[in-house]
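Hi,

Here is the structure I promised to pass along. Have a look at it first, and my notes on what turned up follow underneath.

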Amino acid sequence: MKNTTSLPEFHFIQLSEDPDLQTVVFGLLLSMYILTLFGNLLIILTVSSDSHLHTPMYFFLSNLSMVDIGFISTTVPRVIVDIHVHCPVISYLGCLTQMSLLIIFACMDDMLLAVMAYDRFVAICHPLYYQAIMNPSCCGVLVLGSFLVSLLELLLHYVAVLKFYNFEKYNEISNFFCGSSEVLKLACFDSVICNIVRYCIGTIFGLLPISGIIFSYFKIISSIMRSSSSSGKYKTFSTCGSHLSIVCMFYGTALGVYFGSSLSHSTKSNAVASVMYTLVTPMLNPFIYSLRNKDIKSALRKILSRVC
C-alpha cells in the first residue's frame, strides 16, 4: 500500500495557452455556466409548478435537467478556478472524486435519454396503453434504475483503475478534467488491457442505450409513416426532433472522446469534443426543449404573468 505522501498529482491541459485568450475563455465559460444553470432550473421550476406538465415525458425532462446541472457543475467551476489561479492541478483524491461524479452524471444522462426515447415509443406506438405502462411507479423505477446502472459503471471503473494502479508522482491528463478514459489510460501498465477494459465498459453503458434509442425511433418512424394525418406527423416529428438533436450531440461527442482517446494523440481535439458534451449539450438542452415545445412555452408564459 502506498502512503499518502506518495499520492500523485494530476495536471490538466489548458484550453488556451495565450494569456489574453484565457481571459476570454474565463468569461465565456462563466457565462455559459450561468446560462446553463438558469435554463435547467427554469425547466425544473416550470414542470413542477404546472399541473398540466405532470406527465412522464416532463418528469423525465426535469430529471434530465437536474442531472445536467450536476454534470456541468462537476467540471466547469473547477476549470474557471484553474484559469483564475493559473494552476491546473488536482490531487489524487480530487481527481477520483471528479471522475466518480462525472461517471454518475454522464451515465445518468445517457440512460435518461434512452428512457425518454422509450417513453416516446410507448406514447406513439401504443397510445391506448400509455397511461397503464408509464404509470408513476414505472417512471420512478426507470429513474432509480438509471441511477443504479450509473453506480454499476462507477464500480467497474473503480475496479479497473485500482486493479491497474500505475500512477507516477506527476501525471498529465490530456483533457481539462479527470475523465474516466484518461484516468484509466494513466493507471494501466498495458495499453492493450486498458483498451479492452475501455471498450467493454463503453459498449455496455454507451452502445447498448443508444441501440435502444435507435430501435425506439425506428418503431416510431414506422408508426408515423403509416399515419394518414399530416398534422400528427408534424407534431410527432417536432417532439422527437428535440430529443434526437440532444441525443446526437451528447452521444456523438461523448462516445467519440471515450473511445477515441486511445487512438487520437491530439489533446486539443479531445478537449474541444469534451466541451461539446460537458458544456454545450447541458446548456442547449433546456432551450431546445422549451423553444420547440408549446406546453413548456405556455407554462412559462403563465409563470411570467404571475411574476409581472
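Residues 24-45 are 100% helix and 0% strand, with end C-alpha atoms 31 Å apart. Please keep in mind that this is a predicted model. Residues 196-218 are likewise 100% helix with 0% strand, and there the end C-alpha atoms are 30 Å apart. Both stretches come from the UniProt record, an unreviewed entry, which lists them as "transmembrane region" along with 57-77, 89-118, 139-160, 239-259 and 271-291.

Next, a pocket you may like. The second largest one has a volume of about 210 Å³. It is lined by 10 residues, and L15, V25, L28, L29 and V275 are the closest to its centre. Helix 1 (19-49) and helix 9 (267-291) each give at least two residues to this lining, with the largest share, five residues, coming from helix 9. Nine of the lining residues are nonpolar, none is polar and one is charged.

Finally, the salt bridges: the whole structure has three. One joins K302 and D50 at 4.0 Å, N to O. K302 sits in helix 10 (residues 294-307) and D50 in the loop between helix 1 and helix 2, so this pair ties together parts 252 residues apart in sequence. K302 is partly exposed at 35% relative accessible area, whereas D50 is buried at 10%.

Another links R78 and D82 at 3.5 Å; both lie in helix 2, four residues apart, about one turn of the helix. The remaining bridge pairs D119 with R120 at 2.9 Å. D119 is buried, at 1% relative accessibility, and R120 also counts as buried, at 14%.

Best wishes

Methods. Residues are numbered from 1 along each chain as its sequence is written. This is a predicted model: local features need pLDDT of at least 70, side-chain atom pairs count only at pLDDT 80 or more; totals for chains, interfaces and linings use all residues. Side-chain values use heavy atoms; hydrogens and water are left out. UniProt positions are given in the numbering used here, feature names are shortened, and annotations may be inferred rather than shown by experiment. On a 1 Å grid over the protein atoms alone, a cavity is a set of points where a 1.4 Å probe fits but cannot get out, and a pocket is an open set with protein on both sides within 12 Å along at least five of seven lines; lining residues have an atom within 4 Å of a point. Grid points are joined across faces, edges and corners, and a volume is the space filled by probe spheres set on the points. Ala, Val, Leu, Ile, Met, Phe, Trp, Tyr, Cys and Pro count as nonpolar, Asp, Glu, Lys and Arg as charged, and the others, Gly among them, as polar. A salt bridge is a side-chain nitrogen of Lys or Arg within 4 Å of a carboxyl oxygen of Asp or Glu. Buried means under 20% relative accessible area, exposed over 50%, partly exposed in between (1.4 Å probe, protein chains only).
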